[in-house]
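Here is a friendly walk through one protein model, written for someone meeting it for the first time. Have a look at the picture, then read on.

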Amino acid sequence: MANTNLSIIMGLLLFSLLAADASIVSAATCNLAPLAPCLSAAKKGGPAPSQACCSSVQKLSPSCLCQGVQSSAAKSLHVDIPTALGIPQHCGLKVPRGFKCAGYKVPGG
């Protein structure tokens, strides 16, 4: 019985480590620094996205953009998620049909 419990605990620990490692790899492949020119456009009532912003958005996947608008940095900078999710459409970019992020349907998808 003790060996079975130990095996279960070790299995859960191994699964937790693998899941943590996968999230670290995912975060490392999604560089959000290029989105800096989009900060003012990502705030409620902000200006239209600049050419520099649109150029940066074109280089990132929709899932990376979603990760960015939900980040703690975005929250501390008062990024408005619905406004930020409208940036790809303003830049003329296509997103997958029905793509959702943080519970919002991304415009243009």
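What follows goes from the overall layout to the disulfides, a central helix topic, the pocket and a few backbone details.

**The overall layout**

Keep in mind that this is a predicted model. The protein has 109 residues, and 28% of them are buried. Its secondary structure adds up to six helices and two strands. Starting at the N terminus, the order is α-α-α-α-α-α-β-β. Now for contacts: if you take those between residues at least 6 apart in sequence, 52% join residues at least 24 apart.

**The disulfides**

How many disulfides does the count come to? The count is four. If you number the bonded cysteines in sequence order, they pair up as 1-5, 2-3, 4-7 and 6-8. Here are three of them, side by side.

| Pair | S to S distance | Torsion about the S-S bond |
|---|---|---|
| Cys30 and Cys64 | 1.7 Å | 105° |
| Cys38 and Cys53 | 2.0 Å | about 110° |
| Cys66 and Cys101 | 2.1 Å | 95° |

Let's take them in turn, beginning with Cys30 and Cys64, whose link is right-handed. This pair connects distant parts of the chain: Cys30 is in the loop between α1 (2-29) and α2, Cys64 is in helix α3, and the two are 34 residues apart. Are these cysteines buried or exposed? Cys30 has a relative accessible area of 8%, so it is buried. Cys64 counts as buried too, because its relative accessibility is 6%.

Next come Cys38 and Cys53, which form a disulfide with their sulfur atoms 2.0 Å apart. The torsion about their S-S bond is about 110°, so this disulfide is right-handed. Cys38 sits in the loop between α1 and α2 while Cys53 sits in helix α2, so the pair ties together parts that are 15 residues apart in sequence. Both Cys38 and Cys53 are buried.

Then there is the disulfide that joins Cys66 to Cys101. The link of Cys66 and Cys101 is right-handed. Cys66 belongs to helix α3 and Cys101 to strand β1, so this pair ties together parts that are 35 residues apart in sequence. Cys66 counts as buried because its relative accessibility is 11%, and Cys101 counts as buried because its value is 1%.

**Helix α3 and its surroundings**

You have already met α3 twice, as the home of Cys64 and of Cys66. The helix spans residues 62-69, and its buried residues are Cys64, Leu65, Cys66, Gly68 and Val69. What covers them? The cover includes α2 (51-58), α4 (72-76), α5 (81-85), α6 (87-90) and β1 (100-101).

Ser71 is in the loop between α3 and α4. With 18% relative accessibility, Ser71 counts as buried, because the cut-off for buried is under 20%. A polar atom of the Ser71 side chain lies 2.9 Å from the backbone oxygen of Gly68.

**The largest pocket**

The largest pocket has a volume of about 410 Å³. It is lined by 26 residues, and the closest to its centre are Leu35, Gly68, Val69, Ala74 and Val79. Which elements give two or more residues to this lining? They are α3, α4, α5 and α6. Helix α3 gives the most, with five residues. As for the make-up of the lining, 24 residues are nonpolar, two are polar and none is charged.

**Two backbone oddities**

Most residues other than glycine have a negative phi. Two residues here go the other way.

One is His78, which is not a glycine but has a positive phi of about 60°. You can find His78 in the loop between α4 and α5. His78 counts as exposed because its relative accessibility is 63%, and exposed means over 50%.

The other is Ala102, whose phi is positive as well, near 55°. Ala102 is placed in the loop between β1 and β2 (104-105). Its relative accessible area is 33%, so Ala102 is partly exposed.

Conventions:
Residues are numbered from 1 along each chain as its sequence is written. This is a predicted model: local features need pLDDT of at least 70, side-chain atom pairs count only at pLDDT 80 or more; totals for chains, interfaces and linings use all residues. Side-chain values use heavy atoms; hydrogens and water are left out. Buried means under 20% relative accessible area, exposed over 50%, partly exposed in between (1.4 Å probe, protein chains only). Helices (H or I, at least four residues) and strands (E, at least two) are DSSP runs, numbered from the N terminus. Contact means heavy atoms within 4.5 Å. A disulfide is a pair of cysteine sulfur atoms within 2.5 Å. A polar contact is a pair of N or O atoms within 3.5 Å; within protein, one must be able to donate a hydrogen and the other to accept it, and residues adjacent in sequence count only if both atoms are side-chain atoms. On a 1 Å grid over the protein atoms alone, a cavity is a set of points where a 1.4 Å probe fits but cannot get out, and a pocket is an open set with protein on both sides within 12 Å along at least five of seven lines; lining residues have an atom within 4 Å of a point. Grid points are joined across faces, edges and corners, and a volume is the space filled by probe spheres set on the points. Ala, Val, Leu, Ile, Met, Phe, Trp, Tyr, Cys and Pro count as nonpolar, Asp, Glu, Lys and Arg as charged, and the others, Gly among them, as polar.
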